[in-house]
Amino acid sequence: MRPLTYSRARDVDDALALVAAGPDSAFLAGGTTEIDLIRAGVSRSGHLVDINDLPLTAVEDRPDGGLHIGSLARMNDVARAPGVVSRFPAVSQALLQGASEQLRNMASLGGNLCQRTRCPYLRDGVSPCNKREPGSGCAALDGPNRGHAILGTSDRCIATHPSDVAVALVAFDAVVHTVGAVGGRAIAADDFFLLPGATPEVEHPIAHEELIVAVDVPGDPIAAGSVYLKFRDRQSYEFALVSVAAAIAVDDGVVTGVRLALGGVGTKPWRARRAEAALVGGPADEAAFRRAAAAELAGAVARGPNTFKIELAQRAMVRGLVQSLKGTRS
Ligand code: SF4
């Protein structure tokens with residue numbers, strides 16, 4: 001057994017000081033799964049700084065029609081906030097399709113964004129895994145990898161990012177706000193998740209003693225007609241094989257704007273920028289949606305068992321766009 005120490009932070013400055021005091025300290029908040037990771041031998045944290053008392057739970061409407069969400073806002077509270085339901089339904093739907101009712105009452109938005117991949121080789125504590133033990137190899141490359149990524153992979157890691165809500169937040173250009181030793185920073189959500197490249201153990205561009213305090217989503221009228229679709233092996237309490245956040249704006253049959261992101265297929269929440277570029281200015285019909293989806297998946301790299309995701313992702317994108325289009329017409 002490994003000894004653990006514990007503190008409860010009084011405010012943000014206190015939390016930062018407590019974590020900065022030791023290299024093996026870590027923030028503890030709902031959704032981080034830090035305890036699970038310690039038990040699995042993935043995290044080597046020796047001191048936990050509980051931040052659940054910090055006043056970071058607000059879910060507020062911004063004057064531009066966007067959202068300001070405290071990092072400790074609970075998943076269920078964010079999902080059911082009137083401004084989220086009415087102006088960003090894909091964010092609400094993504095949250096409600098994640099985890100279970102009980103977990104959504106405890107998990108925070110910041111914890112959700114920082115959760116680690118569910119790659120079983122990472123969490124079994126013994127398989128070669130470059131995330132857990134840099135340089136040890138990647139058991140998923142040639143092992144059972146049906147759930148693994150096909151976009152953004154490297155020869156060091158092919159793990160998917162597990163969050164649903166991160167997919168919707170990336171689609172709508174959300175911004176992650178942090179505070180740390182150098183003050184406050186604003187990081188585009190798309191940049192908050194790093195590709196594995198040669199250093200899969202580095203997952204976010206933030207320092208050890210840097211804390212997420214809020215997520216802002218800018219006002220975006222297109223988002224009001226958005227949808228989040230999730231395809232998985234069972235209908236609840238399961239991670240996505242493929243998911244899609246989609247929103248489309250059309251004028252006289254021509255696409256004037258589109259937001260599209262994928263989950264379950266990328267090593268990070270995957271903004272489908274190729275597909276978006278292919279769609280804008282073109283016809284808003286299913287054939288165009290199919291061509292755009294194919295363009296996005298053209299760069300996919302499958303490894304046997306996860307090959308089915310290439311087709312499933314394209315179908316998911318088409319269905320998401322069709323449903324969003326129907327919503328804008330009703
Ligand atoms: Fe580890 Fe990534 Fe390979 Fe999974 S896919 S075993 S997390 S290196």
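**Arginine 132 and its surroundings**

R132 is located in the loop that connects helix 8 (120–123) and helix 9 (165–171); helices (H or I, at least four residues) and strands (E, at least two) are DSSP runs, numbered from the N terminus. The model is predicted, so that local features need pLDDT of at least 70 and side-chain atom pairs count only at pLDDT 80 or more, while totals for chains, interfaces and linings use all residues. Residues are numbered from 1 along each chain as its sequence is written, and side-chain values use heavy atoms, with hydrogens and water left out.

R132 counts as buried because its relative accessibility is 10%; buried means under 20% relative accessible area, exposed over 50% and partly exposed in between (1.4 Å probe, protein chains only). The side chain of R132 makes polar contacts, defined as pairs of N or O atoms within 3.5 Å; within protein, one must be able to donate a hydrogen and the other to accept it, and residues adjacent in sequence count only if both atoms are side-chain atoms. One partner is the backbone oxygen of L122, at 2.9 Å; another is the backbone oxygen of S127, 2.6 Å from a polar side-chain atom of R132. Apart from neighbours within four places in sequence, the residues in contact (heavy atoms within 4.5 Å) with R132 include G41, V42, R44 and Y121.

**Helix 1**

In helix 1 (residues 12–20), the buried residues are D14, A15, L16 and V19. Their cover includes strand 1 (5–8), strand 2 (25–28), strand 3 (47–50), strand 6 (175–180) and strand 8 (211–217). Where helix 1 starts, the backbone nitrogen of D13 has a side-chain oxygen of D11 within 3.3 Å.

**An antiparallel sheet**

An open sheet is built from 4 strands in the order 9-10-11-12, with antiparallel pairing. Strand 9 (227–231) and strand 12 (270–271) are its edges, each pairing on one side only. Strands pair if DSSP finds at least two bridges between them; strand 9 and strand 10 (residues 242–251) are joined by 5 bridges. Within this pair, L229 lies opposite V244 of strand 10.

**Cysteines**

A disulfide is taken as a pair of cysteine sulfur atoms within 2.5 Å, and the count by this rule is 0. C157 is buried because its relative accessible area is 6%. C129 also counts as buried, at 8% relative accessibility.
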